[in-house]
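Here is a short walk through a protein model, one stop at a time. Have the sequence and the 3D view open as you read.

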Amino acid sequence: MSTIKTYEIIMVPDPVLRETAQAITRVDDAIRKQMDRMLQTMYDAPGIGLAANQVNLLNRVLVMDLSKREEETAPAEPIFMANPEIIWESEEMSVMEEGCLSIPRQYADIERPAQVRVKYLDYHNKEAELTADGLLSHCVQHEIDHLNGVLFVDYLSRLKRNMMLKKVEKLKKHQEM
Ligand code: NI
């Protein structure tokens, strides 16, 4: 059992999900504490990525971990990013099914650049780069979108987007999510 306090995950249509998060100055103890709490919140959900907007914080921080997708007991491989910036993207595109903890139980095929390179500050405030492919590439692009107030449903037609958002409203009413 973890003793790390978790956050409440914010769901659509909360306006904080439409805000642009602000860059941080440096990764200090307070940001590390936020990263730890975000990671635990994400594991509990469970999910593979979480951005600060989704826990009602408007700084440019995100966490990801793809290691537990198939086996919950697999060793953790958390990735922490502050001020992530896409510095290169492939021309090749990739389509994968995406979901979002802020839009529960809705999934759609989303097309994005197949590979991206991301520059960021890591858990120790060191400049780092990650070249991502496949699911990790979709995940990091999805989380950076969150920091810019963009949701995966924004890539869908208005009709499809509204249908999904209405379904979430219904879910919330019936289950007090
Ligand atoms: Ni999301």
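Let's begin with charge pairs: there are six salt bridges in this structure. Keep in mind along the way that the model is predicted. As a bit of background, side chains with opposite charges can pair up when their charged atoms come close.

Take Asp154 and Arg18 to start with. They form a salt bridge, and their closest N and O atoms sit 2.7 Å apart. The pair ties together distant parts of the chain, since Asp154 is in the loop between H2 and helix H3 (158-175) while Arg18 belongs to the segment before H1, 136 residues apart. How accessible are the two partners? Asp154 has 29% relative accessibility, so it counts as partly exposed. Arg18 is partly exposed too, at 41%.

Now move to Arg112 and Glu98, another salt bridge, where the closest N and O atoms are 2.7 Å apart. This pair also links distant parts of the chain: Arg112 lies in strand S5 and Glu98 in strand S4, 14 residues apart. Are these two buried or exposed? Arg112 has a relative accessible area of 2%, so it is buried, and Glu98, at 5%, is buried as well.

Stay with Glu98 for a moment. Together with Arg112 and Asp145, Glu98 is linked in a network of salt bridges. The side chain of Glu98 also makes a polar contact with the side chain of His142, at 2.9 Å.

A third salt bridge to look at joins Glu169 and Lys172, with 3.6 Å between the closest N and O atoms. Both residues are in helix H3, and because they are three residues apart there, about one helical turn separates them. Glu169 is partly exposed, with a relative accessible area of 34%.

What about a buried charge that has no salt bridge? That is the case for Asp122: the nearest side chain of opposite charge belongs to Lys126, and it is 6.4 Å away. A salt bridge needs the nitrogen and the carboxyl oxygen to be within 4 Å. You can find Asp122 in the loop between strand S6 (116-121) and strand S7 (127-132). Its side chain does have a partner of another kind, reaching the backbone nitrogen of His124 at 2.8 Å.

Next, turn to the open space in the model. The largest pocket holds about 820 Å³. Its lining is made up of 32 residues, and the closest to the centre are Pro46, Gly47, Ile48, Gly49 and Leu101. Which elements give two or more residues to that lining? They are helix H1 (29-44), strand S4 (93-100), strand S5 (103-113) and helix H2 (134-147). H2 provides the largest share, with six residues. By type, the lining divides into 14 nonpolar, nine polar and nine charged residues.

Pro46, one of the residues closest to the pocket's centre, brings us to the backbone. In general, most peptide bonds are trans, and most residues other than glycine have a negative phi. The bond from Ala45 to Pro46 is cis, with omega near -10°, and Pro46 sits in the loop between H1 and strand S1 (49-51). Another cis peptide bond joins Val12 and Pro13, where omega is about 5°. Pro13 is part of the segment before H1.

Two residues to check for their phi angles are Asn83 and Arg105. Asn83, in strand S3, has a phi near 50°, a positive value in a residue other than glycine. Arg105, in strand S5, also has a positive phi, near 65°, and is likewise a residue other than glycine.

Two more prolines round off the tour. Pro84 is in strand S3 (residues 79-89), and with a relative accessible area of 5% it is buried. The C-alpha atoms of Pro84 and Leu130 are separated by 9.9 Å, and the two residues are 46 residues apart along the chain. Pro113 lies in strand S5 and is buried, at 10% relative accessible area. Between the C-alpha atoms of Pro113 and Ser90 there are 5.6 Å, with 23 residues separating the two along the chain.

Technical notes. Residues are numbered from 1 along each chain as its sequence is written. This is a predicted model: local features need pLDDT of at least 70, side-chain atom pairs count only at pLDDT 80 or more; totals for chains, interfaces and linings use all residues. Side-chain values use heavy atoms; hydrogens and water are left out. On a 1 Å grid over the protein atoms alone, a cavity is a set of points where a 1.4 Å probe fits but cannot get out, and a pocket is an open set with protein on both sides within 12 Å along at least five of seven lines; lining residues have an atom within 4 Å of a point. Grid points are joined across faces, edges and corners, and a volume is the space filled by probe spheres set on the points. Helices (H or I, at least four residues) and strands (E, at least two) are DSSP runs, numbered from the N terminus. Ala, Val, Leu, Ile, Met, Phe, Trp, Tyr, Cys and Pro count as nonpolar, Asp, Glu, Lys and Arg as charged, and the others, Gly among them, as polar. Buried means under 20% relative accessible area, exposed over 50%, partly exposed in between (1.4 Å probe, protein chains only). Lys and Arg count as positive and Asp and Glu as negative; His and the chain ends are not counted. A polar contact is a pair of N or O atoms within 3.5 Å; within protein, one must be able to donate a hydrogen and the other to accept it, and residues adjacent in sequence count only if both atoms are side-chain atoms.
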